[in-house]
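Here is a friendly walk through one protein chain, from its overall layout down to single residues. Have the viewer open, so that you can turn to each place as it comes up.

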Amino acid sequence: MMDKQSGRASRVGDVVLDMKNISLAFGGVKALTDISFDVREHEIRAIIGPNGAGKSSMLNVVNGVYTPQQGNIVFDGKTFSRMSPRRAAEMGIARTFQNLALFKGMSVLDNIMSGRNLRMKCGLLSQALRLGPAEREETRHREFVENIIDFLEIQAWRKTPVGRLPYGLQKRVDLGRALAMEPRMLLLDEPMAGMNIEEKQDMSRYILDVNDEFGTTIVLIEHDMGVVMDISDRVVVLDYGRKIGDGTPDAVRANPDVIRAYLGVDAQANATAAQA
Ligand SMILES: Nc1ncnc2c1ncn2[C@@H]1O[C@H](COP(=O)(O)OP(=O)(O)OP(=O)(O)O)[C@@H](O)[C@H]1O
């Protein structure tokens, strides 16, 4: 694994995504209150926080699933009061899902190929009939997808229906599906949730490699503070829909509000365990 501090810091560029004063409520529930943060080109940016802190809501604002009541989203210099999922995809924002969005009965290859659809120019009919340009285009896309399969070291399961794979491998296929879009920015929703330590280490390495080799900007959310600290350039910390910390992993670890939020969670868990 490449050393994050020495290797990548020099590659981090200008701000590519600027979330400005975002507020989002569901009825009376304030999911996000006046949150601002930015993401720089080529960086790995984590959003962490205890359960219910607002992490998924924030990711859903970035890719246009939720419309904030207040605030602006600036992507690549253009300002929007909301994204739409389609516009986000067209601007090169791809995401993975906590509960996986794969076609369980389809093969690994076809699932990753499905992520490629937005990039395909030829219509489905000419593809189906394998007419000249469509066939050449299809070959190019297949090569690209095969490269992703090599990169993620899942060759052995190319033809296997995804539903038969262990969870850790399914997460890797989901990453492959998102990479097939050749995204400029990749949003990862708890990429290591439900994984054992070895799978978490593997996933960390793939995330770093995607960032290093393709230069992809990565925003990931996670509630386990430990796993993301090693791979992130900067970390935003949310708690009850508010931003309580923002900075390098070291700065965030030393932030008294962050310590309190996480100790609070531990204290609660201990109290619950003691009662049981
Ligand atoms: N679609 C929705 N309708 C109503 N309330 C919602 C909706 N989505 C989120 N919320 C509420 O918004 C708050 C933030 O939830 P969110 O899922 O964004 O937190 P999170 O940090 O991602 O939590 P977790 O780590 O448990 O996934 C919670 O109080 C949640 O109940």
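The paragraphs below go from the whole chain to its domains, then to the ligand shell, and at last to a few single residues.

Keep in mind from the start that this is a predicted model. The chain holds 11 helices and 10 strands. Of its 276 residues, 36% count as buried. Contacts that reach far along the sequence are well represented: among contacts with a separation of 6 or more, 69% join residues 24 or more positions apart.

How is the chain divided into domains? The domain assignment gives domain 1 as residues 1-92 plus 184-276, and domain 2 as residues 103-182. Where the two domains meet, nine residues from domain 1 and nine residues from domain 2 take part in the contact. On the domain 1 side, helix α8 (residues 197-214) supplies the largest share, with four residues. That side of domain 1 has seven nonpolar residues, one polar residue and one charged residue.

Since α8 contributes to the domain contact, let us look at this helix in its own right. Its 18 residues should span 26 Å at 1.5 Å a residue, and the C-alpha atoms at its ends are 25 Å apart, so the expected and modelled lengths agree. Which residues of α8 are buried? They are Met 203, Ile 207, Leu 208, Val 210 and Asn 211. Because these residues cover an arc of only 155° around the axis, they lie on the same side of α8. The face turned away from that buried side carries the exposed residues Glu 198 and Glu 213. After the helix comes Gly 215, with a positive phi near 70°.

Now turn to the ligand. The residues around the ligand include Phe 26, Val 29 and Ala 31, then Gly 49, and then a run made up of Asn 51, Gly 52, Ala 53, Gly 54, Lys 55, Ser 56 and Ser 57, with His 223 completing the list. By class, the shell has four nonpolar, seven polar and one charged residues. Strand β2 (29-40) and helix α2 (55-62) each supply at least two residues of this shell. The most comes from α2, which gives three residues.

Helix α2 deserves a second look. Is it mostly covered or mostly open? Mostly covered, with seven of its eight residues buried. The buried residues are Lys 55, Ser 57, Met 58, Leu 59, Asn 60, Val 61 and Val 62. Just after α2, Gly 64 takes a positive phi of about 85°.

Two residues other than glycine also have a positive phi, and they make a useful pair to view. Most residues other than glycine have a negative phi. Asn 21, in strand β1 (residues 15-26), has a phi near 50°. Asn 21 counts as exposed because 12 other C-beta atoms lie within 10 Å. His 42 is in the loop between β2 and β3 (44-48), and its phi is near 75°. His 42 counts as buried because it has 21 C-beta neighbours inside 10 Å.

Next, find Val 237 in strand β9 (residues 234-239). Why does Val 237 count as buried? Because it has 24 C-beta neighbours inside 10 Å, where 20 or more are needed. Leaving aside neighbours within four places in sequence, Val 237 is in contact with Ile 48, Gly 49, Ile 244, Gly 245, Val 252 and Val 258. One of these, Gly 49, is also among the residues around the ligand. His 223, another residue around the ligand, is 14 residues from Val 237 in sequence and 9.7 Å away in space, C-alpha to C-alpha.

The last stop is Ile 148, in helix α6 (residues 132-151). Ile 148 is buried because 23 other C-beta atoms lie within 10 Å. Not counting residues up to four places away in sequence, Ile 148 touches Ile 112, Gly 176, Leu 179 and Ala 180. For a sense of distance across the model, pair Ile 148 with Leu 32: they are 116 residues apart in sequence and 35 Å apart in space, C-alpha to C-alpha.

Key. Residues numbered from 1 in each chain as written. Predicted model: local features only at pLDDT ≥ 70, side-chain atom pairs only at ≥ 80, totals over all residues. Domains from an automatic or database assignment. Contact = placed C-beta atoms within 7 Å. Nonpolar A, V, L, I, M, F, W, Y, C, P; charged D, E, K, R; others polar. Near = placed C-beta within 6 Å. Expected span 1.5 Å × (residues − 1). Arc of directions from axis to C-beta.
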